[in-house]
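User: I'd like to learn how to read the sheets in a protein model, and then how to get a feel for the whole thing. Can you walk me through one?

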Amino acid sequence: MKTTELQETTDTQLQRIAWLSARDRHKQFDCLMHHFNEASLAASFHTLDGRKALGVDGVSKADYGEHLEEHLKELVQRMRRMGYRPGPVRRVLIPKEDKPGATRPLGISNFEDKLVQVMMHKVLEAIYEPLFLGCSYGFRPGRGPHDAIRALYQHLYQHEVESVIDVDLASYFDSIDHKGLLELLREKIKDRRFLRYLTRMLKAGVLNEGELRLDDEGVPQGSVCSPILANVYAHYVLDEWFEGTVKRHGEGEVELFRYADDMVICCRYEGDARRIHKALKGRLGKYGLLMNEEKTQLVDFSREGPSGEFSFLGFTFYQGKSRRGHRIPKVKTNGKRLSRKLKRVTTWAKGIRSRERLMKIWNIFCAKVRGHIRYYGVSFNLRAVSKFVYQALRILFKWLNRRSQRRSMTWEQFWLFVQTNSLPRVAVYHPLY
C-alpha cells in the first residue's frame, strides 16, 4: 500500500474513533498503537516547523529528513518492541507578558519525540474532542479566543449577572499530577502500550543547565501533547464538575467560560459566587491544583449601581452605556497589556532603527500593527486600538529620528510617508453581537 493510501487509512480510522466517542460517551479504546506507522509519522514530519529550537540531541528537521524513510522505519520497529524511549525535555525560560522581569519555563523536545507527540495528540484529540463541553475553548479545533470572548460577552448582555469570579490558577501546566492524569485517561484508554509510552513521555524529565530533574507532576509547556493533556485534566477536574454538580446546586444561573487555564464564572447571585469560590478551592486542591488567591477575585458586575471590571484573554470587561443611555457590558484592551505592548514596540524600534533600511523597518512595523488590530479589533474597542496605533507611530517616529545626530524628518514629513505607504486600517474584525 502506498504512503498516501496509508495516511488516508489512518485519517479515516481517526475519524471513526471520533465518531465512536461521540456516539457513546462510555466507549473505551483498547487498540491504538497501530496508528503509529511510517505513513502517519511521515505526515507528522511534514507538519512540523523546521525553524523551531532544537532539543537536547541537537537534531534538526533537515538532519532527520536526510534519511527520513530509514529513520521512520527504525522508529516504528522500536515502538513495536517497546524499545522507544523519549529523551529529556530541554528547558528554556521566556519572559512573562503579565509580569515584567518574570519568566515561565518552556520545554523543547527532541525532533523524533515531536513526531510521536503529534500522533499522540491526534489520537487523544479524536477520543476526547467529542467529549469536551461547550464551556471549553482553548486549544480546540475550530475554536479560538474570540469565540470565548464573544460567548462571554453575549452571556453578560443577555442575562442578569451580579457577580463574576475571575479565577487565576497558579502554574496550572506545571501542577498537573501525572498519576491523577493517567488514572483519568485509563477511563477511556485501555491500550497498555499507548499508556506506557504516554507515561514515558511524562517521566522523561527536564534538562536544565545540564541537570536532569524528574518530577511527578507537570506537562512541559511547548510540548505538542501538553495542550490536549491539559484540556483532558481540566475537563474532568473543572468542566464536568461544574456542569454536573455546581449548576444543580446554584440558586440562580451560573456559567463557566474557560480558555486553557484562564477562566471566569458568571453568577446570577452574589451568594452563589461566594459558595462556588469556596468549593472551587477545595475541588482544585483535591487534584493537586492551586488557586492564586491574590489574583482570583469576586467582581460586582451588576447593572444597578457601581460595578467593577475583570480581564479575560487580554480584554477588560466593564459596564458602559449604549447610545440610548442603557447600561450594557463592554470590552476594551486591558490597560496593562496595552502598556506592555507599547514597551515592546519601543524595544524593537530602538534595536532595529540603524540595522535596516526605512522600508524594511516600515514593513515589519505594519506587520506588528496588523497583528494587534486583528486580535484586538472587536466591538467597542476601536478607540483603544486606534490609541495603540497612534502611540506606536509616535514611538517609531522618535527612534527613526535618532538614527544619527541630525533629525531626519519632521512629524509632518513622517505623516506624509505614513499616508503614502498605507498603514493597516483599524476595523472591527470580531463583532461580539
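Analyst: Sure, and keep in mind that this is a predicted model. With a sheet, begin with strand order and pairing sense. Here four strands make an open sheet, ordered S2-S1-S4-S5, with mixed pairing.

User: Which strands are at the edges of that sheet?

Analyst: Look for strands that pair on one side only: these are S2 (103-108) and S5 (211-213). Then check the twist: neighbouring strands in this sheet are turned by 40° against each other on average, ignoring direction.

User: How many bridges join S4 to S5?

Analyst: Bridges tell you how two strands are matched up. S4 (residues 206-208) and S5 run antiparallel and are joined by three bridges. For a concrete pair, Val-206 stands opposite Arg-213 in S5.

User: OK, let's try another sheet. What is the order of the strands S10, S11 and S12, and how do they pair?

Analyst: Same routine, order and then sense. The three strands form an open sheet in the order S10-S11-S12, and the pairing is antiparallel.

User: Why is one side of S10 and of S12 left without a neighbour in the sheet?

Analyst: S10 (310-312) and S12 (327-333) are at the edges and each has a single partner strand, so one side of each has no neighbour in the sheet. As for twist, the average turn between neighbouring strands of this sheet is 40°, direction ignored.

User: What joins S10 and S11?

Analyst: They pair in the antiparallel sense over three bridges, with S11 covering residues 315-321. At residue level, Phe-312 has Phe-315 in S11 as its bridge partner.

User: Which helix packs on this sheet?

Analyst: To find one, look for contacts and then compare directions. Helix H6 (residues 145-158) touches S10, S11 and S12, and its direction makes about 155° with that of S12.

User: Now zoom out. How many helices and strands are there in the protein?

Analyst: The count is 15 helices and 12 strands. The C-alpha atoms fill a box of roughly 70 × 60 × 45 Å along the principal axes. Of the 433 residues, 48% count as buried.

User: What about contacts between residues far apart in sequence?

Analyst: Take the contacts with a separation of 6 or more: residues 24 or more positions apart account for 70% of them.

User: And how do I read surface and charge?

Analyst: For surface, check the area and who owns it: about 22,700 Å² is accessible, and 49% of that belongs to carbon and sulfur atoms. For charge, count both signs and compare their centres: there are 74 positive and 51 negative side chains, and the centres of the two sets lie 7 Å apart.

Conventions. Residues numbered from 1 in each chain as written. Predicted model: local features only at pLDDT ≥ 70, side-chain atom pairs only at ≥ 80, totals over all residues. Heavy atoms only, no water. Pairing = 2+ DSSP bridges. Axes fitted to C-alpha atoms, helices over the stretch in contact; angles between N-to-C directions. Contact = heavy atoms within 4.5 Å. Buried < 20%, exposed > 50% of the residue type's maximum accessible area, 1.4 Å probe, protein only. Areas by Shrake-Rupley, 256 points an atom, 1.4 Å probe, with all protein chains shown as cover. Lys, Arg positive; Asp, Glu negative; His and termini not counted. Charge placed at Lys NZ, Arg CZ, Asp CG, Glu CD.
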